[in-house]
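I've set aside a page for the hollows in this protein and what surrounds them. Here are my notes, in the order I looked things up.

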Amino acid sequence: MKRLVLLTLALLVSSMAGAQVRIVEDFENSTSLDWNEYADKRMSALVMMGVLELKALEDYMPVSCTAELPIIPEYDFKIKAKLLIPKIDDKHSFGVIVDMDEDFNKIAFLFSEDLFMVRHYNNGKIDSEKGEIRPIKLKGGKDRTMELEVIRRGGSYIVNYDNIEVLRWRRRLESPHFGFFTTSHLKVDEVIVEQEYTGQSE
């Protein structure tokens, strides 16, 4: 009997150690995360008809919509997003915003036709003087779907689109701030957040 109790406790501890957070945000009926929705004459970011839709009503107006993820930044995690992009061209950009420091500085991982960019983002403005630009094989077009992944592993960011790695960057993470960005029109169909607790920080 004692062995059975010990075995049960061992299994319970084992299952707790491997506990996993998994949030599936499909924007149907209600949302799991607290997205900062808004709308005015210049831009909108609203959950409607099963998507999170970001729209710039003035050309080249940066639009973002963010939430605080219920994860622990010190541990590895993965974010998957299914994006519906009405138009990809070389004039506009779209992507995700991650992290936020005490001065409200954020990092933007952005895409446009044939380019991937890492930029600093603060107070609704992209700082094009800081960051990096890399050529990628992302062709222009209309009504495109993209699978985007942002992974934290061992203290590094890994960014993939359509199973193609475009960035591996070691950088400290300050907060679980996350969101989406566009200078034109973007729809987010689904977001999946996963974090497995290992019991050890990075």
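Which elements each supply at least two residues of the lining of the second largest pocket? I went through the strands and found three: β6 (77-88), β11 (141-153) and β15 (185-196). A reminder to myself before going on: this is a predicted model.

**Entry: second largest pocket.** I put its volume at about 160 Å³. I listed 11 lining residues, and those nearest the centre are Asp76, Phe77, Lys78, Arg152 and Glu194. Then I sorted the lining by class and got 6 charged, 3 polar and 2 nonpolar residues.

**Entry: largest pocket.** Next I turned to the largest pocket, with a volume of about 240 Å³. I noted 16 residues in its lining, with Lys91, His92, Ser93, Met117 and Thr183 closest to the centre. I also checked which elements give two or more residues to this lining, and they are β8 (106-112), β9 (115-122) and β10 (125-135). By class, I wrote down 7 nonpolar, 5 polar and 4 charged residues here.

**Entry: closed space.** How many cavities of 30 Å³ or more does the structure hold? I found 1. The largest cavity has about 60 Å³ of space in it. I got 13 lining residues for this cavity, and Phe77, Ile79, Val98, Leu173 and His177 sit closest to its centre. I'd already met Phe77 among the residues nearest the centre of the second largest pocket. As for strands, β6 and β14 each give at least two residues to the cavity lining. I had β6 down for the second largest pocket too. The classes in the cavity lining come out as 10 nonpolar, 2 polar and 1 charged.

**Entry: Ser175.** I finished with a single residue in a loop. Ser175 lies between β13 (164-170) and β14 (177-182). Is Ser175 buried or exposed, and why? I call Ser175 buried because its relative accessibility is 13%, and the cut-off for buried is under 20%. Which residues does Ser175 touch, if I skip its neighbours within four places in sequence? I found contacts with Pro73, Asp99 and Met100.

**Page summary.** I have a largest pocket of about 240 Å³, a second largest of about 160 Å³, and a largest cavity of about 60 Å³. In the loop before β14, I have a buried serine, Ser175.

Conventions:
Residues numbered from 1 in each chain as written. Predicted model: local features only at pLDDT ≥ 70, side-chain atom pairs only at ≥ 80, totals over all residues. Heavy atoms only, no water. 1 Å grid on protein atoms, 1.4 Å probe; cavity = no way out; pocket = protein on both sides within 12 Å on 5 of 7 lines; lining within 4 Å. Points joined across faces, edges and corners; volume = space filled by probe spheres on them. Helix = DSSP H or I, 4+ residues; strand = E, 2+ residues; numbered from the N terminus. Nonpolar A, V, L, I, M, F, W, Y, C, P; charged D, E, K, R; others polar. Buried < 20%, exposed > 50% of the residue type's maximum accessible area, 1.4 Å probe, protein only. Contact = heavy atoms within 4.5 Å.
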